[in-house]
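Trainee: Could you take me closely through one part of this chain, the packing of its interior, and then set the charged pairs beside it? I would like one connected account that I can follow with the model open.

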Amino acid sequence: MHDVAALVLAAGRSERVASVLGGRSKVLLDIGGMTVLERNLQWLARTGFKSVWINLHCRPDEVKSVVGDGAQFGLSVSYSEEPELLGTAGAFGALATHWTRTVLVLYGDNVAAFDLGRLLERHRTSGGLATIALFDPRIHANSGIAGGKVTVDEERVISFAEGAEAGSGSSLVNAGVYALEPAVLAYVPSDRASDFGTDVFPALLAAGEKVTAHVLEPEGYCFGLDTPESLQRTLAAFDGGSDRTE
């Protein structure tokens with residue numbers, strides 16, 4: 001993956017699950033004997049990534065103490081610390097000078113796995129500026145947490161809805177993994193915090209840019225940990241040495 005950069009988003013406050021975190025960062029929760037962040041870094045390393053950026057805000061020293069320079073994963077890890085949260089897209093924008101090629105952005109507080117190589121190949125062949133990994137909760141293992149709902153026409157994303165607007169329509173849900181071209185930076189606001197789901201993807205679609213959909217293979221999964229209930233479902237799914245490691 002020498003032609004693809006990687007950014008793992010790990011800066012969130014995790015406010016909705018703070019009551020059950022015991023003072024820990026959500027990315028450092030133990031899921032089946034391994035922290036969420038370690039799972040994601042191993043996933044990237046298995047795919048062939050060599051260098052990774054991680055953005056930080058909450059408890060940055062704890063994350064650094066676990067990950068270090070990334071050598072134990074076969075990675076070179078760099079950190080982008082945010083005194084104020086920049087949002088998912090703002091974190092991407094803050095590192096603009098480092099993005100000269102395709103970037104894989106991964107939500108570091110999700111427990112997900114699928115074939116990243118297939119996602120990147122879909123992105124390359126589509127010719128679009130962005131490719132969004134999607135799962136279908138009727139097919140793919142998940143924790144039942146609502147996410148951004150995405151409507152597609154064949155391989156093209158035609159609408160993206162977050163929050164209250166995501167209650168109906170398509171069954172496909174944002175899996176929190178994106179392949180992005182540096183040209184996406186033009187759609188990231190420079191004067192405020194911003195998110196991919198509420199700001200950047202709608203702006204890309206409004207501008208007529210191609211945003212590609214990539215639905216996970218049936219054995220892929222995506223467990224969000226955004227509520228105490230979804231966290232408990234995830235812990236149950238990985239309890240007792242689950243083989244969900246690929």
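Mentor: A residue counts here as buried under 20% relative accessible area, as exposed over 50%, and as partly exposed in between. The model is predicted, and every value below is computed from it. By that definition E81, at 45% relative accessibility, is partly exposed, and buried residues make up 50% of the 246 residues in the chain.

The secondary structure comprises seven helices and 14 strands, and among contacts between residues at least 6 apart in sequence, 77% join residues at least 24 apart. As a general background to the interior, nonpolar side chains in soluble globular proteins tend to be buried together. In this chain the largest nonpolar core has 34 residues, and those with the most contacts inside it are L41, L44, I54, L104 and V177. At least two residues of this core come from each of β1 (4-9), α2 (36-47), β4 (51-56), α3, β6, α5 (116-126), β8 (130-135) and β12 (173-180). If you centre your view on V177 and set aside residues up to four places away in sequence, you will find that V177 touches W43, L104, V105, L106, F114, L116, L119, T131, I132 and A133. A second core, separate from this one and made up of 30 residues, includes W53, F92, W99 and Y178.

Turning to the charged pairs, the count comes to eleven salt bridges. One of them joins the side chains of K26 and D109, at 3.1 Å from N to O. K26 lies in the loop between α1 (18-21) and β2 (30-31), while D109 lies in the loop between β6 (102-107) and β7 (111-113), so this pair ties together parts that are 83 residues apart in sequence. K26 is itself buried, with a relative accessible area of 5%.

Another salt bridge pairs K64 with E81, whose closest N and O atoms are 2.4 Å apart. This pair links helix α3 (residues 60-67), which holds K64, to strand β5 (residues 76-81), which holds E81, across 17 residues of sequence. K64 has a relative accessible area of 27% and is therefore partly exposed, and E81 is also partly exposed, at 45%.

A further bridge connects D199 with R192, with the closest N and O atoms 3.3 Å apart, and R192 is partly exposed at 46% relative accessible area. Finally, D3, E121 and R124 are joined into one network by salt bridges that share partners.

Note on methods:
Residues are numbered from 1 along each chain as its sequence is written. This is a predicted model: local features need pLDDT of at least 70, side-chain atom pairs count only at pLDDT 80 or more; totals for chains, interfaces and linings use all residues. Side-chain values use heavy atoms; hydrogens and water are left out. Helices (H or I, at least four residues) and strands (E, at least two) are DSSP runs, numbered from the N terminus. Buried means under 20% relative accessible area, exposed over 50%, partly exposed in between (1.4 Å probe, protein chains only). Contact means heavy atoms within 4.5 Å. A salt bridge is a side-chain nitrogen of Lys or Arg within 4 Å of a carboxyl oxygen of Asp or Glu. A nonpolar core is a set of buried Ala, Val, Leu, Ile, Met, Phe, Trp, Tyr and Cys residues joined through side-chain atoms within 4.5 Å.
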